[in-house]
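Morning, everyone. Please have the sequence and the structure open while I talk.

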Amino acid sequence: MTIVSNVTCPGCGSLCDDLEIEVENNVVTKVKNACGMGEARFLGYSAHRRRKPLVRKNGELAQTSLSDAIKETARILANASYPILYGWSNTSCEASRVGVELAEEIGGVIDNTSTVCHGPSALSIQDVGFSTCTLGQIRHRADLVLYWGSNPWSAHPRHIERYTNFTEGRFRRSTWNKYLSSLSSYRAERRLQRTTKLAEEAHARQPEKKPIDERTHRLPPALFEKDRKMIVVDVRETRTAAIADYFLQVEPNKDYELFQALRALLREEELQVESVGGVPIDVLEDLVDVLVSCEFGVLFFGVGLTMSAGKLRNIEAGISLVRDLNQYTKFIIMPMRGHYNVTGANIVSTWQTGYPFAVDMTIGYPRYNPGETSVVDILSRGESDAALIVSSDPVAHFPKDAVRNLVQNPLIVIDPETNATSLLADVVLPCAIAGIEVEGTAYRMDRVPLPLKQVVKPSRTCLSDEEILRRILREVRRIKKRREVVANG
Amino acid sequence: MTSLEVTLNTGRTLRQGQGKEYGKLSERYWKSVAICEIDPDDLKKLDLTDGRLVKITTESGSVLVRAVKSVRAPHPGRVFVPYGPWANVIIASKTHGTGMPSFKGIQAVIEPARTGEKVLSLEELLHAHYGKE
């Protein structure tokens, strides 16, 4: 048995790099320090895998050799006039780099999954900039943490434990014990309710969950203490909201109004309404006091803002609020990136083409116009004529109309696992998993690059996606050269 | 048949996150995403109980999933479906010039499934909507 230490988890954008993996006979047997999702990633990596390439013949996927699958892929891509290359967030930066080169060579559109997660955030940041820092700074210094439209307990399960309220920072104490005590007292109270006849009286002492407009107008005293505090703003009470010091429930699609109301109150303007987004003005006034009185605040925002009405404008308002708050105190803002290397995909795309996603290379140089050059829009308009998907599952995660057009044209999938997209693909190229079977580089959500380790050896028939892409690129160049020779006589 | 107008949010759950890692074809994944979390009072209004089938309809289409009584109620008029193929067949592809479809805050109608209707498996869903499997 061997133990691999300090393994970076290719699970989510938190990129926890303290995992310990036990390996026996090239099989992962135990995972330490990981969350439920990370553990599943390492223990379930070999389930539902295909090890050999497939090509669709007479409507059925049939096994073929790697070289034949690569030749077929290159032929499809070289013949396409408007191919899309999509995915890139669940693999290494090294693979993304080759992807950009391939997109340039074939004159295609390269887009990554941020187009359906934090693409609007990128647009806002390009519009108004943003003040941010690393997660290490937050861990050691932040005393006020806001999760807005984000549910890290479910999507980034160790984020709170490693980087915010439940971590022991150099200058900030963990609130883990405080949370445990509150949990114990809550449980004790529940037991009391069950075992005594004082249930009604005990219930009366509990804050009753009422619709937002009937809530108390005062915020809990814990928010005004010097300790670490957590506020969650969301449209529903999530698991993260349940552990926060205060949960602010906003009506769906009203985040923009709430941000702007907070900005107005910060400027000491009077609002001529009783509530905004379902939240009473009194609560918002108190909230502004909390925001201003912290020493180091951080606003983590999730796709609750980018996927609902307002989209990029929600983020713009959030960034503007943080900018305004910096006139009074230190405040930063950070998107909660989902896929483990979606930040890396943005970074590679930016240093290669100048743009973070939705880059159109069809006219020989990079062009960027999300809404036009973004994959969902291209597919919805039915414009693309082939697609290469790398480590992603758009059939499961794109709207139906977009998927219909995706599967109508030749579809090539490079992915370690079988998923909805690979079931409908015309060419399937199984690859080794970056961060488990092959090494690489990934960027954490705060743009810190971390090395991905090899924990087990891949099957001999599975190359890394980077190597597969290189071979496709070589084959495409060969085809183009042959055509040039023929054209020139 | 009784129906209810609701706001639909789709999103991540820990079970969905684990399920996808154990394989998109696994029962664990299917059971974690082909569900709809509904407020207990809304369930009563629809004469539904936890585990029964519910049909969700938006401007883009309909899908059948299993109703789950929400443990973090009340949130009347708001339902939640985890990310996945079942949720995405009822998401509109309009991006309003941003590249991003609206996966949250969608107007929808929920109603109990008719007798004989069932939740489609992944392969059945793909075949029904895209004609391939």
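Start with helix α14 of chain A, residues 312-325, in this predicted model. How far apart should the ends of its 14 residues be? At 1.5 Å a residue, the expected span is 20 Å. The end C-alpha atoms are 20 Å apart, so the model agrees with the expectation.

Now, its surroundings. Ten of the 14 residues of α14(A) are buried, so the helix is largely enclosed by the rest of the structure. Which ones are buried? At the start of the list come A:Leu312, A:Asn314, A:Ile315 and A:Glu316. Then we have A:Ala317, A:Gly318 and A:Ile319. A:Leu321, A:Val322 and A:Leu325 complete the buried set. As background, an α-helix has 3.6 residues a turn, so residues three or four places apart point the same way.

Next, the domains of chain A. Domain 1 covers 50-117, 340-449 and 457-487. Domain 2 is 119-335. Their C-alpha centres lie 38 Å apart. How many residues of each are in contact? Domain 1 brings 13, and domain 2 brings nine. On the domain 1 side, seven are nonpolar, four are polar and two are charged.

Last, the contact between the chains. Chain A gives 55 residues to it, and chain B gives 46. Which elements of chain B give two or more residues? They are strands β1 (4-11) and β5 (78-82), with helices α1 (14-21), α4 (85-88) and α5 (122-130). By class, chain B's side has 22 polar, 16 nonpolar and eight charged residues.

Technical notes: Residues numbered from 1 in each chain as written. Chains lettered and ligands numbered in written order. Predicted model: local features only at pLDDT ≥ 70, side-chain atom pairs only at ≥ 80, totals over all residues. Domains from an automatic or database assignment. Contact = placed C-beta atoms within 7 Å. Nonpolar A, V, L, I, M, F, W, Y, C, P; charged D, E, K, R; others polar. Helix = DSSP H or I, 4+ residues; strand = E, 2+ residues; numbered from the N terminus. Expected span 1.5 Å × (residues − 1). Buried ≥ 20, exposed ≤ 12 C-beta atoms within 10 Å, placed from the backbone.
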